[in-house]
Amino acid sequence: MSKNLQLREPVIAYIEKIKKINGKLPEKESVEKIKVSYAASTISFLYEKLNQYDNAKAHYETALDLTPNDLGVQNNLGRFLCEHGELE
């Protein structure tokens, strides 16, 4: 399976979930933000596993900036902040 396809399938599933909840697909601009947010979240997780916490936090925050209503992104950043003693 190609790397592009591996990333594409979860993004498409996420967009379909939004369609189911909202009754319509998100606008094209929103879809692009969702794709970048998903990538930033994935990169955050990888940085976290590499103990590069500053990079991980920056990418989690980027994902949240792009998709502030995404509960998954909110949860991931919240978990990260709690685990690293940064919750305000």
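These legends go with a set of close-up views of one predicted model.

Because the model is predicted, local features need pLDDT of at least 70 and side-chain atom pairs count only at pLDDT 80 or more, while totals for chains, interfaces and linings use all residues. Residues are numbered from 1 along each chain as its sequence is written, and side-chain values use heavy atoms, with hydrogens and water left out.

**View 1. The whole chain, built from four helices and zero strands.** Reading from the N terminus, the elements go α-α-α-α. Helices here are DSSP runs of H or I with at least four residues, strands are runs of E with at least two, and both are numbered from the N terminus. Of the 88 residues, 23% count as buried. For the accessibility words, buried is under 20% relative accessible area, exposed is over 50%, and partly exposed is in between, using a 1.4 Å probe and protein chains only. A contact is a pair with heavy atoms within 4.5 Å. Take the contacts between residues at least 6 apart in sequence, and 36% of them join residues at least 24 apart.

**View 2. N51, a residue in the loop between α2 (28-49) and α3 (53-66).** N51 has a positive phi of about 60°, even though it isn't a glycine. Most residues other than glycine have a negative phi. With a relative accessible area of 52%, N51 is exposed.

**View 3. Helix α3 and its two sides.** This helix has 14 residues and reaches 20 Å from its first C-alpha to its last, close to the 20 Å expected at 1.5 Å a residue. The expected span is 1.5 Å times one less than the number of residues. A56, Y60 and A63 are the buried residues of α3. They cover an arc of only 60° around the axis, so they sit on the same side of α3. That arc is taken from the directions from the helix axis to the C-beta atoms. Turned away from the buried side is a face that carries the exposed residues D54 and D65.

**View 4. Helix α4, with one buried face.** The 13 residues of α4 should span 18 Å at 1.5 Å a residue, and its end C-alpha atoms are indeed 18 Å apart. V73, L77, F80 and L81 are the buried residues here. Seen down the axis of α4, they fall within an arc of 95°, so they line one face of the helix. Look to the other side of α4 for L71, N75 and E83, which are exposed.

**View 5. V73 and the residues around it.** V73 belongs to helix α4 (residues 71-83) and is buried, at 4% relative accessibility. Skipping residues up to four places away in sequence, V73 touches S37, S41, Y60, A63, L64 and T67. V73 and Y60 are 13 residues apart in sequence, with their C-alpha atoms 7.2 Å apart.

**View 6. Two serines of helix α2, S37 and S41.** S37 is buried at 2% relative accessibility, and S41 is buried at 14%. Leaving out residues up to four places away in sequence, S37 touches A63, L66, T67 and V73. With the same residues left out, S41 touches Y60, A63 and V73. S37 and L66 are 29 residues apart in sequence, yet 5.9 Å apart in space, C-alpha to C-alpha.

**View 7. E48, a buried residue in helix α2.** Its relative accessible area is 10%, so E48 counts as buried. Apart from neighbours within four places in sequence, E48 is in contact with Y53, A56, Y60, R79, F80, E83 and H84.

**View 8. The second largest pocket, with a volume of about 220 Å³.** Of the 12 residues in its lining, Y38, S41, T42, V73 and N76 are the closest to the centre. The elements that give two or more residues to this lining are α2 and α4, and α2 gives the most, with six. By type, the lining divides into five nonpolar, six polar and one charged. Here Ala, Val, Leu, Ile, Met, Phe, Trp, Tyr, Cys and Pro are nonpolar, Asp, Glu, Lys and Arg are charged, and the others, Gly among them, are polar. A pocket is an open set of points on a 1 Å grid over the protein atoms alone, where a 1.4 Å probe fits, with protein on both sides within 12 Å along at least five of seven lines; lining residues have an atom within 4 Å of a point. The volume is the space filled by probe spheres set on the points, which are joined across faces, edges and corners.
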